[in-house]
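Student: Could we take a close look at one part of this protein? I'd like to hear about the empty space inside.

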Amino acid sequence: MSNRYKGAVISATPPTTSGGPSGVASGAWTLEQQLQLQAASLWPSQPPPPNIEDVFSTYLYTGTGSALTITNGINLSGKGGLVWIKSRDNVTNHSLADTVRGSDKNLASNTTAAQITEPRLSGFTSSGFSLTGGYSEVGGVGSYVSWTFREQPKFFDVVTWTGDGTAGRTVAHNLGSVPGSIFVKCTSFAAGGGWPVYHRSLGNTQTAVLNTTDAAFTYGYWNNTTPTSTVFTLNSDSDVNGSGKTYVAYLFAHDAGGFGLTETDNVISCGTFVTGSGGKMTAPVNLGYEVQWLLVKNSGSSENWQIYDTMRGMSNTGYSVLYPNLTSAEYSGASAIAPNATGFDTPNASGPFASFANYIYVAIRRGPMAVPTVGTSVYNGITRTGTGAATNITGAGFPIDLLIQHERATSNNIWTTDRLRGTSSNLDTQSTAAENTNTFFQFDKQDGFGLVGAAANVSGRTMIDWVFRRAPSVFDIVCYTGTGVATTQAHNLGVVPELMIVKRRSAADDWAVYTAATGNGNVLFLNLTDAVVNSAGMWNSTTPTSSVFSIGTSSRTNSNAVTYVAYLFATAAGVSKVGTYTGNGSTQTIDCGFGAGGVRFVLLKRTDVAGGWYVYDTARGMTVLTDPYLFLNDAAVEVATLGSVTTVSTGFALNSAILAAINVSAGTYIFLAIA
């Protein structure tokens, strides 16, 4: 355990939730949560352990040709690091600037050229960087992606030196672990070899070259010496150590820990995988975490380097790729490079990889890793009126992972789309239908989503879009392929799921729902009003854990070779609450422990007899009893005279005088509430 927590006293009896509604189980706090709380009180001046969102960002922006400030939450002015930018829709050089060389010193990963002194970046800030404007590589008119790597032990480091022409030269670094990969570039002249790349999977006698398609080859750049946790070694070649020439190296760690509450979590890995026929990987890559950024190269053949990230699109149904060795615009494909709870895979052939090939990779963990403290960071409700045209919808306040769209005054599909499945995959919560492959939405936005055309933006129609972001202890998404045999599926919720919604994607079937209140031998159906029913085969009569959930042999959760998606929710103090209450036939207040703000979203369902899946939200109004509700199991239009659920301090209030169904005496109900 880290010395950060040395001397902390861990409570033998975890805190419990009190004052909640009838039937709400007491919550147990995990060891990590206790450590976090005690660290905050015992060492108030001690900086918290780093999370991936503190040191890495994929940030998308639209250039206008004018100056622009990018606020991505990465402290570059105080900590240092690298900003790598590429135009997504124009043919331009890549542009790499770092805090060691200076914001006006630019390198291009696709060329052998020396650095260019040009103020494309006007500076590094405590929360990102700023652009001067007018430079096509970083701030012209169009769409751009920036990848920011902050210097941090066991993640990333920037090192510069002046060559001495001596074989065996060692260069000190501050990575704090053995590098998994090193990119080297001569900054003072156009090196003949361009960008030599060390990768642990190639060993100390081979190199790859970032600016070419070349296969890895045997060459002595690394002086046949494996780097250590303090130095790396070079030969006398002018590409890496020419006398009097200047150089920069970017160092990437490998499975070095150093992150998370106990500072043992890995956030970056450098490894290899093999493909078979059609380019399908012969086995999934198990990183122990879900990937968000991936750099790959066919090490045995001539092929482009490739960069994928989940912001631009890396999903179960499609991908967008940029090539570090090319100036070309982004290319999008329809096959899958699929992140999963423990790594990534290619579920199908005919993807972007060559058949029967060996690939090296650098992979970075998905964030956020920190448990959120406010509901506005994970949920929002957006009301709008359709325009019939392609447009961008802002106001979410975060990059979204799940969108549920419900029309308010017209009966239509209740479209459900998520980033992990891909935005060309849509499910309807009121229907058993398999997902369709129409592209209605785009998620490659820092705030909100894009509407491709009229199908999800019908002119004149009023809409509500419920949007969610994945975060530990609150919400997670898992995609998996069934086996037909009882098994478990890994997840990254970090706590025991209290609500799970599972849908068969590739074939028609009901939406299966698990809740802690109804137990592991029972099921509800999101598309139906049915009361809870017994189904031991749905969850294999096994309660989920903080790392896996169980599935039996039911077709709704685990048919062989069938694809599924699962949405997992849990209770996070002050942010979300999964619970249950017993109706009293009158009025009552459900205390969710949210503080003065109350709830902004409530999903509730009666479980002992038939009842709909009611949704209330503050975007449409939860302040008076006549504010409307909608159903997830029914596309019926909202009715403004049948509300009966209002937001109050700490939670929400029920009044059966307006709508008896939500608070019937002795009736049992489950709910999900978000502050």
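What volume does the largest cavity have?

Tutor: Happy to dig in! Keep in mind that this is a predicted model. The largest cavity has a volume of about 120 Å³. How do we find such a space at all? Rolling a probe the size of a water molecule over the atoms shows where empty space is left. When the whole structure is searched, two cavities of 30 Å³ or more turn up.

Let's start with the walls of the largest cavity. Its lining is made of 15 residues, and Leu402, Ile404, Ile501, Phe569 and Leu632 are the ones that lie nearest its centre. Now see which strands are involved: strand S29 (402-407), strand S37 (499-504), strand S42 (563-569) and strand S45 (601-606) each give at least two residues to the lining of the largest cavity. And what sort of residues are they? In the lining of the largest cavity, 13 residues are nonpolar, two are polar and no residue is charged.

Next comes the second largest cavity, which holds about 30 Å³ of space. You can pick out its lining on the model: Leu499, Thr515, Val578, Gly579, Leu603, Ile670, Phe671 and Leu672. Strand S43 (576-582) and strand S50 (668-674) are the elements that supply two or more residues to the lining of this second largest cavity. S50 gives the largest share, with three residues. Sorted by class, the lining of the second largest cavity comes out as six nonpolar and two polar residues, with no charged ones.

While you have the model open, here are two other spots to visit. One is an open sheet of three strands, in the order S28-S33-S32, with antiparallel pairing. Strand S28 (391-393) and strand S32 (441-442) are at the edges with a single partner strand each, so one side of each has no neighbour in the sheet. S28 and strand S33 (residues 449-451) run antiparallel and are joined by three bridges. In one of these strands, S33, you'll find Gly450, the bridge partner of Asn392.

The other spot is Gly318, in the loop between strand S21 (306-309) and strand S22 (319-321). Gly318 counts as buried because its relative accessibility is 13%, and the cut-off for buried is under 20%. Leaving out residues up to four places away in sequence, Gly318 touches Gly313, Gly333, Ala334, Ser335 and Ala336. For a sense of distance, try Gly318 and Gly574: they are 256 residues apart in sequence and 36 Å apart in space, going from C-alpha to C-alpha.

Technical notes. Residues are numbered from 1 along each chain as its sequence is written. This is a predicted model: local features need pLDDT of at least 70, side-chain atom pairs count only at pLDDT 80 or more; totals for chains, interfaces and linings use all residues. Side-chain values use heavy atoms; hydrogens and water are left out. Two strands pair if DSSP finds at least two bridges between them. Helices (H or I, at least four residues) and strands (E, at least two) are DSSP runs, numbered from the N terminus. Buried means under 20% relative accessible area, exposed over 50%, partly exposed in between (1.4 Å probe, protein chains only). Contact means heavy atoms within 4.5 Å. On a 1 Å grid over the protein atoms alone, a cavity is a set of points where a 1.4 Å probe fits but cannot get out, and a pocket is an open set with protein on both sides within 12 Å along at least five of seven lines; lining residues have an atom within 4 Å of a point. Grid points are joined across faces, edges and corners, and a volume is the space filled by probe spheres set on the points. Ala, Val, Leu, Ile, Met, Phe, Trp, Tyr, Cys and Pro count as nonpolar, Asp, Glu, Lys and Arg as charged, and the others, Gly among them, as polar.
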